[in-house]
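Grab a pencil and keep the viewer open. Below are some exercises, each followed by a worked solution.

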Amino acid sequence: MPVAVDIGGGHGAQARRMARAGASALLIDLTDQQASAEDFNRELGRSAIRSFKGDVRDIDVRTLCPPLDVIYSQRMMGCIRYAELRDLLKVLFEHANPGARCFLSASGLETEFGLTYPHRDLPVAERWASITPEMAEKHQMYAPECLYRDLELAELVAACGFTVLRAWQSTFGTPKVIAEKL
Ligand SMILES: C[S@@+](CC[C@H](N)C(=O)[O-])C[C@H]1O[C@@H](n2cnc3c(N)ncnc32)[C@H](O)[C@@H]1O
């Protein structure tokens, strides 16, 4: 059975999709998704999703699940500092099976809120700021974030060992990467 992780998976919509497709999924999030994961597992008839409530920076994924086949993280990678993401990606690479695939995205500098982001002109490794109050209100994003320019996320993923298969930016300006551990 393929092993998948969804980092910052929120309510677990993607973890559910992966579980329905036959994976054993680990859902990591700051919020508590235990009860809804249990309901889902009961409905599916197997223990398909394991929910872990916590900060991904404080845990060692290697102790929580067998080696990974799928690494998924949508709209969360900017919620931790650049160096923290680099450390996390290195651990994920080490804990991935050959052939493992990643789908990753982070908040973008070329979004509407990125245009007025206070750290826009800093190198990516130093960016760590909240977006302006007006944009924070509009997008409901209040915590500091590291925003990424077009290919900066892909370059980081590659620097951590993965082979980037596809890197693009959504029409909204969000960088996305599909990568593989060869
Ligand atoms: C913008 S939401 C995205 C949720 C989901 N991936 C989606 O695309 O709908 C970001 C999620 O990341 C989680 N998150 C933020 N920082 C985190 C951290 N350091 N460790 C674990 N989860 C985190 C939040 O709790 C939130 O659910």
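Two residues are in contact if their C-beta atoms, placed from the backbone, lie within 7 Å. Before you start, note that this is a predicted model: local features need pLDDT of at least 70, side-chain atom pairs count only at pLDDT 80 or more, and totals for chains, interfaces and linings use all residues. Residues are numbered from 1 along each chain as its sequence is written.

**Exercise 1.** Find Val 164 and work out which residues it touches, not counting residues up to four places away in sequence.

*Solution.*
- Step 1: go to strand 6, residues 163-169, where Val 164 sits. Strands (E, at least two residues) and helices (H or I, at least four) are DSSP runs, numbered from the N terminus.
- Step 2: apply the contact rule. Val 164 touches Ala 154, Val 157, Ala 158, Val 177 and Ala 179.
- Step 3: check burial. A residue is buried if 20 or more other C-beta atoms lie within 10 Å of its own, exposed if 12 or fewer, and partly exposed in between, with C-beta atoms placed from the backbone. Val 164 has 16 such neighbours, so it's partly exposed.

**Exercise 2.** Describe strand 4: is it buried or exposed, and which strands pair with it?

*Solution.*
- Step 1: look at residues 68-73. Six of the six are buried, so strand 4 is largely enclosed by the rest of the structure.
- Step 2: look for partners, remembering that two strands pair if DSSP finds at least two bridges between them. Strand 1 (residues 3-7) runs parallel to strand 4, with three bridges; one of the bridge pairs is Asp 6 with Tyr 72.
- Step 3: now try strand 5 (residues 96-105). It is parallel to strand 4 too, joined by five bridges, and Ser 73 stands opposite Leu 104.
- Step 4: follow the chain from strand 4 through helix 3 (residues 82-94) to strand 5, and you've traced a right-handed β-α-β unit. Right-handed means that, with the strands pointing away from you, the path from the first strand over the helix to the second runs clockwise.

**Exercise 3.** Find the β-α-β unit that contains helix 2.

*Solution.*
- Step 1: start with the strands. Strand 2 (residues 24-29) and strand 3 (residues 49-53) are parallel, with five bridges, and Ala 25 has Ile 49 as its bridge partner.
- Step 2: add helix 2 (residues 34-44) between them, and the unit is right-handed.

**Exercise 4.** Which residues have the most contacts inside the largest nonpolar core?

*Solution.*
- Step 1: such a core is a set of buried Ala, Val, Leu, Ile, Met, Phe, Trp, Tyr and Cys residues joined through C-beta atoms within 7 Å.
- Step 2: this one has 51 residues, and those with the most contacts inside it are Ala 4, Val 5, Ala 25, Leu 68, Ile 71, Leu 153 and Val 157.
- Step 3: zoom in on Val 5. Among the residues it touches are Leu 26, Ile 28, Leu 68 and Ile 71.

**Exercise 5.** What is the phi of Arg 75, and what is that of Gln 140?

*Solution.*
- Step 1: recall the usual pattern. Most residues other than glycine have a negative phi.
- Step 2: Arg 75, in the loop between strand 4 and helix 3, has a positive phi near 65°. With 15 other C-beta atoms within 10 Å, Arg 75 is partly exposed.
- Step 3: Gln 140, in the loop between helix 4 and helix 5, has a positive phi of about 55°. Gln 140 has 6 C-beta neighbours inside 10 Å, so it counts as exposed.
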